[in-house]
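Trainee: Before I rely on the labels attached to this model, I would like to go through the reasoning behind them with you.
Mentor: Then let us set each value against its definition.

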Amino acid sequence: MLTIKQLTQAVGQGITPRMVRHYHQIGLLPSPTRSNSNYRLYSEADVQCLRRIVALKQQGFQLSHIGQMLSDQAASNRADALLPQFQKQYQTVLQQLIKLRQTAMALEGLLGRDRACQSTQAAAIAQLRLLETETQAAQSISEALWAHLDAATADHPENFSEALQCLLPDLSQRPEIEVDVLSHLVLACGDVSLAAFAKFSSDAIKAARESLQASCTVVGDVPAVTNTLDQTRLTHLGCRWTTLIDNPHIHDAADAEHTFWQKPDWQDRLMPLIEGNIWVIGYAPSVLMKLCAAIAQHEHRPALIIGLPIGFSHAPAAKRQLMQLDVPYITVEGTLGGGLLAAVVLNRLAASLIEKPDCHCYLQGK
C-alpha cells in the first residue's frame, strides 16, 4: 500500500497530494482505505485510476466528463463504451480548432502582406490597435476593412517569399535545403502549421542527394504520385521512376488502399523494389506499413522514404512506424499528407541537387 505522497510520486505528471484530495471530494477517486494512524493508503488499482484521470485531463477532457467516462467504463467492459464521450470531446476540440483557424486566417491576411501592400496594412493595424486583444482583433475585422485591404491586391502579383518570412516559425537552425522543402510544402497546401509537423531524419537530405546523384530509381505508390514527379529533372540526374500499384484508375486514397489489398500481386511486387531506391508514398497508408514491416523483418534498406500517405488511423500509425526505423525518412505527423505534398518533397530535393550541387548545409552540426 502507498501513502498519498508515494501515490503522487508513482503517477508523476505534476500531480500533488492536494489534487488527489480534491479528486476524492468530487468523486473522481474512490475513498481510500485508512491506516491505524488514519493515513490514506492506496493500492495499484488507485495508481492506475489516477493515471487514467491524468491522461484524460491531458487530452483536454473536463473533470466532469472524466467522471462520466470512468463511470461508463466501470459499468461496461465493452471497448465502445467510451466512444460517445470521445466523439463529443472531438467535436468540442474541432470547434475550438475552427475558431483558432479563423483567427489564424485573419492574422495571415494581415501579416502575410508584402511591402507593396504596406500602406493599407498600416491603416488596418492602426484600427486594430484600438481593440482589446489580438484574437478579438482578428475576429472583429469587418468586411469593409477587408475590402480596404484587398483593394491593393489587384495592383501586383503576390510576393510569396515575403509572406513566408513573416509567417513561418523560426527555421534558422534547420539546414537550407530543409527550409526550402518546408517552404514549398507550405505553399503547396496553404497551411503554415504544417512546418511544425514535418519530420526529417538526421540523414534524410544527405541520403537523398547521394542516391539521386547515383541515379537511383524513384518508386511512387500510385500513378497520381509518379505522374506529379519532376520527370525532367529526374531524367537530367539519370534517375528512373516506377509505380508500385500501376493502376491508372486509382483516384484517391480509398481506391489505393482497396486495390493494394484486393490483389496480393501488388504486395509481392513491393519487396524487390526496396533496396537502394527512394520511395514516395502519398496515398496508401498500407503501402507504407508493408514497406516498414519488410524493412524491419528482412533488413532491406531503401535510400530514402518520403512517407506522406492520407488517412485518419492507419496513416498516423504508419508514419510512427516509419520514424522508429533506422532508415532515412521525411514525413508529416498525423493525418496531413497527400500525393502532391509527397511529390513536392522529392521534386525540391532533386531541384536543390541540380541548383546547388556543392551545398553542404545539411552537414552542419554533424
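Trainee: How do you know that strand β6 (residues 278-281) and β7 pair?
Mentor: In this predicted model, 4 bridges join β6 to β7 and the two run parallel; pairing asks for at least two bridges, so the 4 bridges satisfy that definition. One of the contacts places Ile-278 opposite Leu-304, its bridge partner in β7.

Trainee: What makes β7 and strand β8 (residues 329-332) a pair?
Mentor: Their 3 bridges, in the parallel sense, also meet the requirement of at least two, and Ile-306 has Ile-330 as its bridge partner in β8. The chain passes from β7 through helix α18 (residues 314-324) to β8 in a right-handed β-α-β crossover, and β6, helix α17 (residues 285-298) and β7 likewise make a right-handed β-α-β unit.

Trainee: Which residues of β7 point each way, and are they buried or exposed?
Mentor: Leu-304 and Ile-306 point one way from the strand, whereas Ile-305 and Gly-307 point the other way, and all are buried.

Trainee: Why is the pair Cys-216 and Cys-239 not called a disulfide?
Mentor: The sulfur of Cys-216 has its closest cysteine sulfur in Cys-239, at 4.5 Å, while a disulfide needs the sulfur atoms within 2.5 Å; the distance is therefore too far for a bond, and the structure holds 0 disulfides.

Trainee: Why are these two cysteines called buried?
Mentor: Buried means under 20% relative accessible area, and because Cys-216 has 7% and Cys-239 has 5%, both count as buried.

How values were computed: Residues are numbered from 1 along each chain as its sequence is written. This is a predicted model: local features need pLDDT of at least 70, side-chain atom pairs count only at pLDDT 80 or more; totals for chains, interfaces and linings use all residues. Side-chain values use heavy atoms; hydrogens and water are left out. Buried means under 20% relative accessible area, exposed over 50%, partly exposed in between (1.4 Å probe, protein chains only). A crossover is right-handed if, with the strands pointing away from the viewer, the path from the first strand over the helix to the second runs clockwise.
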